[in-house]
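I opened my notebook today to look up a few places in one structure and to write down what I found.

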Amino acid sequence: MSDPAAPKPPSAWWSLAVTTAIQAMVSMALLTLPAMAPVAAQGLGVPPALVGAYVALCYLAAMLSSLIGGTLVRRLGAIRVSQLGLALCAIGLLLCAVPWLPAVALGALCIGAGYGPITPASSHLLALTTPAHRMALVFSIKQTGVPAGGMLAGALVPGLSLWLGWQGTLAVVAGVCAVCAVLSQPLRAALDADRQPSQALALGALFRPVGMVLGHRSLAVLAACSFLFSAVQVSVTAYMVTYLNGSLGMTLLAAGAALSVSQLAGVVGRIAWGAVADRGLGPRNTLMLLAVLMIVGSVLTALLQPGWPTALIWAIVALLGASAIGWNGVYLATVARQAPPGQAATATGGTLMFTFMGVVLGSPAFGALAGFSGSYRLAFAALALPAALALGLLLWRARQVRREAALQAPEAAQ
C-alpha cells in the first residue's frame, strides 16, 4: 500500500518547466554585466575588454562548483540546490554593483558558483522523470534556458541600464533571482522527495565526478567533445559582433541583430536536434552531424564579405548558431544515458568541468589568435579545427562500440 502522505511524483513536463525557468534566470544573471559592459566599464574606470576576465572568473567558479553538484543534489535535493544557486547569483550581482574591482571579481566568482550546480540539479530531475525515448528532446528543451537567458539579458539589460544605471540594473536582476528562489519553495516537497540527508559532504566529492568520467570511456569521449564544442560556442557568442562590425563594416545595431539571429537559431536548434536524436539519427550520430555543421558554419562565417545580402549573412550565422549553440541538450541527454543508474547528476557534474574548461580557455585562445594574426576571419576559420577534432573522437568511439558489439555477439550465441 502506498503512503498517502508521500508527495505525488512530478511529471516530466512539470520538471522541464521548472528547470528551464531556473536555467534561464541564472544564465541571465551571468550575462547581465557583459550585456552592459561599456556602461559598467565606464563606471568602474576600466576598459570594456576586461569583460573577458569577468566571464573567465565566472566559468572558473562554475567549473569547480559543478563538480560537487551531484553530491549536493543527493544530500539537499535538486530544488534546494537550485535555490542556493539563485541566491549565490543574487549575492554576486550585488557585489558586482560595488564600484571596486576586487568586489566585482568576488561577485563573478559567486555568480559562477551559483551557475555551476544548476545543470547537474536539472539533469537529476529530468533523468528521474523523463521516459528514455523522449530524453534527448526534453534535455534539449531545458537547455534552451541558456540562450533564452542571454536573449533576456540582451533585450532588457541595456534599456534598464539607461533608466536605472548599471548598479541599479544589477540590483534589479539580483532581486528577481531572489524572488525566483522563494517562489520555487512550494515545489520542494514533491521534487526533492528523493534527497538523502545522510549523504556525506567530503573533499573527495570534488574528485569523484571526474573519476567517474575518466573511468568510463564513453563519458570521457563526451567530456572531451564538450570541451571542444564549448570553445567554439563561447567564441561565436563573444566575438560575433566584433567580427561583423570590424571586418565587414556592419553597424553595431546590425551586428547585434545578427548575433540575436545566431542565438535564436541556437534556441530552435536545441529543440530540433533533440527531436532528431530521439526520432531519427540517435544521439551519437546527431552529435557527429552537429560537428560537421560547425565546421561548415565556421568556414562560411570566415568567408563573409561586405555588401553581401543581409538575408544571406543571417542564414550563415544562423547555421553556425544552430550547431555551435544547439548541441548542449543532445550532449547532456547522452551523458545521462551513459551514466550509471542514479548517477546522472554526478556524471553531468564531472563532464561539465570539461565543458566549462573549454569556455575558460576557448575565448582567450580565440582572442589571442585574432590579435596575433590581426584577423578575426582567420580566428573564425580556425574554429573548424576543434569541431573536426570532436568529430574524429566521436567516429573513433563509434568504431570501438561496433567492434565491442561484434566481439560480444559470438559469446552470446554460445
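Is Thr20 buried or exposed? I looked up its relative accessible area, which is 17%, and because the cut-off for buried is under 20%, I entered Thr20 as buried. I also noted beside this entry that the model is a predicted one.

Next I looked at where Thr20 sits, and I found that its place is in helix α1, which covers residues 12-35. A polar atom of the Thr20 side chain lies 2.7 Å from the backbone oxygen of Leu16. I then set aside the neighbours within four places in sequence, and I found Thr20 in contact with Ile141, Lys142, Thr144 and Gly145.

My second entry is on aromatic rings. I reminded myself that a pair of aromatic rings is described by the distance of the centres and the angle of the planes. How many aromatic pairs does the structure hold? I wrote down eight aromatic pairs. In one of them, the rings of Tyr59 and Tyr115 have centres 5.8 Å apart and planes at 75 degrees, so I entered the pair as edge-to-face. This pair links distant parts of the chain, since Tyr59 belongs to helix α3 (residues 51-67) and Tyr115 to helix α6 (residues 101-115), 56 residues apart. Both partners went into my notes as buried, Tyr59 with a relative accessible area of 13% and Tyr115 with a relative accessibility of 6%.

I then turned to Tyr243 and Phe380, an aromatic pair that I recorded as tilted, with 4.8 Å from centre to centre and 35 degrees between the planes. Here too the pair links distant parts of the chain, with Tyr243 in helix α12 (residues 217-247) and Phe380 in helix α18 (residues 376-382), 137 residues apart. Tyr243 has a relative accessibility of 0% and counts as buried, and for Phe380 I likewise noted 0% and buried. I added that Tyr243 and Phe380 form one aromatic cluster together with Phe366 and Tyr376.

My last entry concerns helix α4, residues 69-76. Why is helix α4 described as largely enclosed by the rest of the structure? I found that six of its eight residues are buried, and therefore I wrote that the helix is largely enclosed. The buried residues of α4 are Gly69, Gly70, Thr71, Leu72, Val73 and Arg74. Finally, I looked at what follows α4, and I found Gly77, which has a positive phi near 100 degrees.

Conventions. Residues are numbered from 1 along each chain as its sequence is written. This is a predicted model: local features need pLDDT of at least 70, side-chain atom pairs count only at pLDDT 80 or more; totals for chains, interfaces and linings use all residues. Side-chain values use heavy atoms; hydrogens and water are left out. Helices (H or I, at least four residues) and strands (E, at least two) are DSSP runs, numbered from the N terminus. Buried means under 20% relative accessible area, exposed over 50%, partly exposed in between (1.4 Å probe, protein chains only). A polar contact is a pair of N or O atoms within 3.5 Å; within protein, one must be able to donate a hydrogen and the other to accept it, and residues adjacent in sequence count only if both atoms are side-chain atoms. Contact means heavy atoms within 4.5 Å. Rings of Phe, Tyr and Trp (its six-membered ring) pair if their centres lie within 6.5 Å; planes under 30 degrees apart count as stacked, over 60 as edge-to-face and the rest as tilted.
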